[in-house]
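This report goes through one protein chain, from its domains to its cavities and surface. Please keep the sequence and the 3D view at hand while reading.

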Amino acid sequence: MVQVSGDSDFQYQVQKPLIVNDVTGLNPIKVAQVIKPEATEQIINAITTSTGPISIGGGRYSMGGQVAYENSLHFDMRAFNKVIDFDEGNKEITVQSGMTWRDIQEFIDPYDLSIRIMQTYANFTVGGSLSVNVHGRYIGEGPLIESVLSLKVILANGEEVFANREQNSDIFNGVIGGYGGLGVITEVTLNLADNVKIERQTTLLKASDYAKHFAKNIRDNSEIVFHNGDLYPPSYDEVLDVSWYKTDKALTLDDRLIAKDDKYKWGPMAAELVGDYAIGKSIRKNIIDPLYYASDRVVWRNWEASYDVRELEPESRDEKTYVLREYFIPVEHFDSFVPKMKDIFIRNDADIINVSIRHAHASPENLLSWARNEVFAFVVYYQQGTDEAAKEKVKQWSVEMIDAVIEANGAYYLPYQIYASPEQFHAAYPRADEFFALKAKLDPENRFINQLWKQYYPSNNIELNAQKDEIKNYYRGEEQTVLTIPEWYLVFNPLEYAEFLEAGNNPSNFPFMASLDEYWTLYDRAVSVSESYNVDNSEYMSMLQVIGISTTVEYMFKGLYENTIGRFTRWTANNEDTEEDKIIAQAQRAYSDLIFDEAWYMFNFGEWIGRIWVDTDIFGKNFIRKLERKLFFTGEYGFKVIYAKLIGAASQATYEHGDGLIYLIATVPDAIKDELPENVGIVYEESGNTLISVPRWGAFTETVPKLVSQGVSISEISGNKKIAVSYITDTETKLEPTTSVTLFESKIVSSSDITRRVVMVDVSMLGELLTELVNGGSKLEHIYDY
């Protein structure tokens, strides 16, 4: 990269945003605060001394933002992980909710006890598992709720409540499978099982024979502990029955638990092979699985229940990721559902790696039960890209699958990507209104919230959020407000040049090289600040480098020319402006005015070439300067005519141009709704919140101050709570507003008397900041609209 100057040593860091994500890497959510409690009192204190939304996370293995909410107080429960009580004789244990299944296994294994119901993998926390009401591969069991004896939960008022099937049963049945919508689970008492030796047996059979095989040989067989059926893609016509039977045979592996430092080398490689290559699915079915299951295996129940999710974790999730979806089908509909599922996957070219079939007995007691009937669970493991097109593709087949499930009177699982419509949600979970009524009673201010309840809870501006989601590019990264600063400098600097010329100054005296230095300084500083967000913006930074290089070439040539030939012809004119100089100043002003609101290549350079020849005499006083200005200006603008056409055509072909609007969430007083600026549109209103549109670029900076002066209270801009603002202040006084955080300063290259200052401000404080600027004698320059 060509860079003549800059500030590569600049290391200022904004406060690093607190990002909560899940295992897929697809759902980064910026929260306001993260608390890692170790005691109940810390949770109660945090709730009672705060206001606003609260989100709760454990292992973060849900896959659709169920653990976080924008600008929430987030409880990271993983340090809340102590054993409270243990009763070996009654096979009961009470634990804090942040304990993982692996933590419990290590505690109870010496007593020859096992967890009764859990997932296949042991990394999950108990609280998170209760919140989604998990299931496993256990025969003769249903969801996790069946092994839960009691729990404690802290409600929105700060009260810790005990709940079981007799006492506060509504809370018990709401919290389990309630996805953190009612409170913070603190303690859980679980019923345990015996740890026994188990032997693996496998049977390959046709998918059409599986349901009968299961009913006859598996369902009521008390000797089977674990069972799953692997339905092989892409044909979905064969199932491998993998069952684990109680046994007295000698162990083939002596370890009681899988070692924590196990490397899990082959699992990720096999998943990548199956996901990346069509032949990989055939290799897995015909080579990998037969070899893997060929040997006898006798292990402890706890060993088979202690897998680590690292068994499936790829080296990187940057360009592709691995995700789950799950569907619950009444057992009597198995044979009719499998062909429908197969059709949906094949027709949508879904990259399915595996479909694991589990079983659960009916368990309708909790409000959001997915097991209203006896069901087969279809656990779908698939690969997808991380770009928007890949997400849309998955959404398409996911919605179709949910329709197929509802048609079969089944349910879909809620911990995964949130694609179902509210109608689909209520069809799959018919008691949802009972849950919402309980939530309204226990959490009247709707503090416990995450992306799931943002989508479906009635008081959460569902339609407003849907309107936001419908707007293409509504959400813009907060880091963009910083990265646009150097780009906007190439708007401010031409204006500075225009004002310099209008004042009658010699163009040769304009500091072109200092302007370049300032551009690259702002580039270095903006990039440094943006790196705090840990977001890949390489494409945008490449664009900034390209325009920086082109500007560097232009300014270096122009600076060299003006300081040689230009300075000589100015001397011949006794340092006076000719008519041509005035035309050039007018053209520079017109250009600088246009680029505040439109792309530079929209400027009519050709018109001004005509004017400098038509509106001025060829001969006359200061002929040398007149002719030189005509020729130089014609050469400069003639080149830009051609360059602008090329860039304009390339832009039209490469970029999908938006609507030229930026969108805000605000509170708009009823009395002024008819008096808003003409360029402001009200898109949607719900529950006191208004979605409004404002023109982008220069008009945004002109319009926002008008809105806040009218009493409009802005709470969000393009999904963000903070925005960068620049203002011009006296160099000596350097006003420092109390309502914002200074990022850096920038020189006004043509004047040492004033300075540009760039600050970051909460969007809700824009009005206060603008008032401070006015009272402090400073001038708003720009509000950077991402």
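The sections below cover domains, cavities, a surface patch and two backbone features.

## Model and domains

The model is predicted. Its protein chain is divided into four parts: domain 1 (16–195 + 434–460), domain 2 (197–433), domain 3 (479–652) and domain 4 (659–783). Domain 1 is thus written as two segments, 16–195 and 434–460. Between the C-alpha centres of domain 2 and domain 3 the distance is 62 Å.

## Largest cavity

Searching the whole structure gives five cavities of 30 Å³ or more. For the largest of them, the volume is about 70 Å³. Its lining consists of Y497, K558, E562, I584, Q588, R629, F632, F633, E636 and Y637.

Three helices each give at least two residues to this lining: helix 17 (538–572), helix 18 (579–594) and helix 20 (623–654). Helix 20 has the largest share, with five residues. Sorted by class, the lining of the largest cavity holds five nonpolar, four charged and one polar residues.

## Second largest cavity

The second largest cavity has a volume of about 50 Å³. Around it are R325, I402, Y412, Y413, L414, Y416, Q417, I418, Y419, A420, L452 and Y456.

How many residues of each class line the second largest cavity? The count is 10 nonpolar, one polar and one charged. In the largest cavity, by contrast, four charged residues take part in the lining.

## Nonpolar surface patch

On the surface, F568, W571, W613, V614, I618, F619, F623, I624 and L631 make a nonpolar patch of about 1000 Å². Helix 17, helix 19 (605–614) and helix 20 each supply at least two of the patch residues. The most comes from helix 20, which gives three residues; L631 is placed in this helix.

Helix 17 and helix 20 therefore appear in two settings. Each supplies at least two residues to the lining of the largest cavity, and each also supplies at least two residues to the nonpolar patch.

## Backbone features

Where is P234 placed? This proline is in the loop between strand 13 (224–231) and strand 14 (238–246). The peptide bond leading from P233 to P234 is cis, and its omega is near 5°.

A second loop, between strand 4 (54–57) and strand 5 (73–76), holds N71. The phi angle of N71 is near 60°, which is a positive value in a residue other than glycine.

Technical notes
Residues are numbered from 1 along each chain as its sequence is written. This is a predicted model: local features need pLDDT of at least 70, side-chain atom pairs count only at pLDDT 80 or more; totals for chains, interfaces and linings use all residues. Side-chain values use heavy atoms; hydrogens and water are left out. On a 1 Å grid over the protein atoms alone, a cavity is a set of points where a 1.4 Å probe fits but cannot get out, and a pocket is an open set with protein on both sides within 12 Å along at least five of seven lines; lining residues have an atom within 4 Å of a point. Grid points are joined across faces, edges and corners, and a volume is the space filled by probe spheres set on the points. Helices (H or I, at least four residues) and strands (E, at least two) are DSSP runs, numbered from the N terminus. Ala, Val, Leu, Ile, Met, Phe, Trp, Tyr, Cys and Pro count as nonpolar, Asp, Glu, Lys and Arg as charged, and the others, Gly among them, as polar. Patches are made of residues with over 30% relative accessible area and no salt bridge: like charges are joined within 9 Å, nonpolar side chains (Val, Leu, Ile, Met, Phe, Trp, Tyr) within 5 Å. Accessible areas come from the Shrake-Rupley method with a 1.4 Å probe; for residues, only the protein chains shown count as cover. A salt bridge is a side-chain nitrogen of Lys or Arg within 4 Å of a carboxyl oxygen of Asp or Glu. Domain bounds come from an automatic or database domain assignment.
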